[in-house]
Amino acid sequence: MNQDKFKRIKEKFFESTLSSEEELRFKNLLSESKDMDDEVIQSYFKLIEDGDGEAFTPISKAQFFAAIDSKNRKRRHRIFRIAISAAAVVILLVGYLVVRDQQAAKRLSQAEIDRSLETTRLALASFSKYFDKGLEKIDEGVNFSRPFESLSKIDVDEIKNEK
Amino acid sequence: MDKEDFWNHINPLQERIFRFALSILKNKEDAQDALHDVVVKLWDSKHRLMSEKNINAFALKTTKNYCIDLLRKRGEVLTLAASHQTPATGSSYEQQDLIALIKNRSHQLPVQQRMVLELKDFQGYSYEEISKILDIPIATLRVVLSRARKFVLKSVTHEPG
């Protein structure tokens with residue numbers, strides 16, 4: 001191949017318009033050249049061939065599985081914390097509104113206030129137990145969409161008996 | 001897709017993800033962390049991953065987005081122009097010196113040119129695949145690659161002795 005043709009193919013390399021066949025031919029022609037410019041390109045191809053020498057440590061299957069499990073557990077616990085905080089806020093708010101409405105209607109006796117507070121505490125305890133059961137199921141590895149049973153199944157009597 | 005299936009798809013891509021991250025972040029430890037985080041990110045998008053025709057391209061696109069976000073968070077300016085640093089020069093080079101110079105020059109490239117150079121020249125992807133990974137039209141890719149090759153190779157070649 002004459003010099004002009006080689007020059008043209010080199011230009012195409014720098015213009016990024018070489019086809020894969022032309023690139024292969026270009027590499028072969030380069031290896032015969034002693035020109036300094038061409039030595040740089042030869043070194044570039046050698047770098048591509050040999051790699052940059054930076055060894056990497058692949059992630060093992062066990063590491064990957066542990067990372068995924070930990071991530072899922074963290075997410076479940078975050079959702080659980082949000083859920084229980086929201087439930088507590090709702091219960092306290094409802095309790096407060098009930099007491100306030102009753103106060104507006106009539107003056108409450110101390111016994112009524114105590115009963116109302118007792119009911120609120122009972123509701124909170126029921127919810128806490130409900131979430132505890134759900135959390136245990138999560139730790140046992142139950143699918144996250146199903147660990148919490150219907151709220152209608154909360155056993156208030158059981159809580160009362162415990163007290 | 002369960003963990004086992006996912007692992008079988010992603011495990012062979014680990015080195016490509018690492019090399020690509022390294023080309024963007026220019027730091028081995030950061031690239032290693034990126035590999036870990038990208039694999040977990042891919043697991044989070046496993047449903048999308050399954051619907052992708054080219055899992056390879058999807059994984060590298062996720063890597064690119066992760067690394068660019070990381071650079072932005074660190075406040076690194078992602079310029080399009082190459083930096084004006086010049087490497088040590090000499091009239092005659094051994095091949096190892098030349099390789100070191102080339103590596104040095106490629107680290108000075110702006111991030112877009114580094115990504116294209118890595119994917120085309122070092123990882124051997126086609127223009128079509130790179131276009132999908134980087135969301136850049138093929139014509140633009142050729143221009144970017146051309147600039148990158150000229151900057152890395154001609155600057156070494158034409159430096160005064």
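**Exercise 1. The loop around S16(A)**

Locate S16(A) among the helices of chain A, and state whether S16(A) is buried or exposed.

*Solution.* Begin with the secondary structure of this predicted model: S16(A) sits in the loop between helix 1 (3-15) and helix 2 (20-32) of chain A, where helices (H or I, at least four residues) and strands (E, at least two) are DSSP runs numbered from the N terminus. Next take the backbone, where S16(A) has a positive phi of about 60° although it is not a glycine. Most residues other than glycine have a negative phi. Finally count neighbours: S16(A) counts as buried because it has 20 C-beta neighbours inside 10 Å, the classes being buried at 20 or more other C-beta atoms within 10 Å, exposed at 12 or fewer, and partly exposed in between, with C-beta atoms placed from the backbone.

Residues are numbered from 1 along each chain as its sequence is written, while chains are lettered from A and ligands numbered from 1 in the order in which they are written. As the model is predicted, local features need pLDDT of at least 70 and side-chain atom pairs count only at pLDDT 80 or more, whereas totals for chains, interfaces and linings use all residues.

**Exercise 2. A second positive phi**

Find where D135(B) lies in chain B, and classify D135(B) as buried or exposed.

*Solution.* The residue D135(B) belongs to the loop between helix 8 and helix 9 of chain B, and its phi is near 60°, a positive value in a residue other than glycine. With 10 other C-beta atoms within 10 Å, D135(B) is exposed.

**Exercise 3. Chain A as a whole**

Describe the secondary structure of chain A, and then examine residues 79-99 of chain A.

*Solution.* Chain A has six helices and zero strands, and 7% of its 163 residues count as buried. Among its contacts between residues at least 6 apart in sequence, 49% join residues at least 24 apart, a contact being a pair whose C-beta atoms, placed from the backbone, lie within 7 Å. UniProt, in an unreviewed entry, places the feature "transmembrane region" at residues 79-99 of chain A; such annotations may be inferred rather than shown by experiment. Over that stretch the model is 100% helix and 0% strand, with the end C-alpha atoms 30 Å apart. To follow the chain further, take L135(A), which lies in helix 5 (residues 110-139) of chain A and is partly exposed, with 16 other C-beta atoms within 10 Å. L135(A) and F80(A) are 55 residues apart in sequence, yet their C-alpha atoms are 7.8 Å apart in space.

**Exercise 4. Helix 7 and the core of chain B**

Determine why helix 7 of chain B is described as largely enclosed, and which residues touch the most other members of the largest nonpolar core.

*Solution.* Chain B comes to nine helices and zero strands, and buried residues make up 34% of its 161 residues. Helix 7 of chain B has twelve residues and reaches 15 Å from its first C-alpha to its last, close to the 16 Å expected at 1.5 Å a residue, the expected span being 1.5 Å times one less than the number of residues. Eleven of these twelve residues are buried, so helix 7 of chain B is largely enclosed by the rest of the structure; the buried ones include V111(B), R114(B), V116(B) and D121(B). After the helix comes G124(B), whose phi is positive, near 70°.

The largest nonpolar core (buried Ala, Val, Leu, Ile, Met, Phe, Trp, Tyr and Cys residues joined through C-beta atoms within 7 Å) has 44 residues, of which I17(B), A21(B), A34(B), L35(B), V116(B) and A148(B) touch the most other members. Elements giving two or more residues to this core include helix 3 (36-50) of chain A and helix 7 (111-122) of chain B. Leaving aside residues up to four places away in sequence, I17(B) touches L35(B), V38(B), A59(B), L60(B) and T63(B).

**Exercise 5. The interface and its confidence**

State how many residues of chain B are in contact with chain A, and which helix supplies the largest share of that side.

*Solution.* The count gives 28 residues of chain B in contact with 26 residues of chain A, and helix 9 of chain B supplies the largest share of the chain B side, eight residues. As for confidence, the predictor gives the complex an ipTM of 0.77 and a pTM of 0.67. The mean pLDDT of chain B (the predictor's confidence in each residue, from 0 to 100) is 85, and 84% of its residues reach 70 or more.

Technical notes
Two residues are in contact if their C-beta atoms, placed from the backbone, lie within 7 Å.
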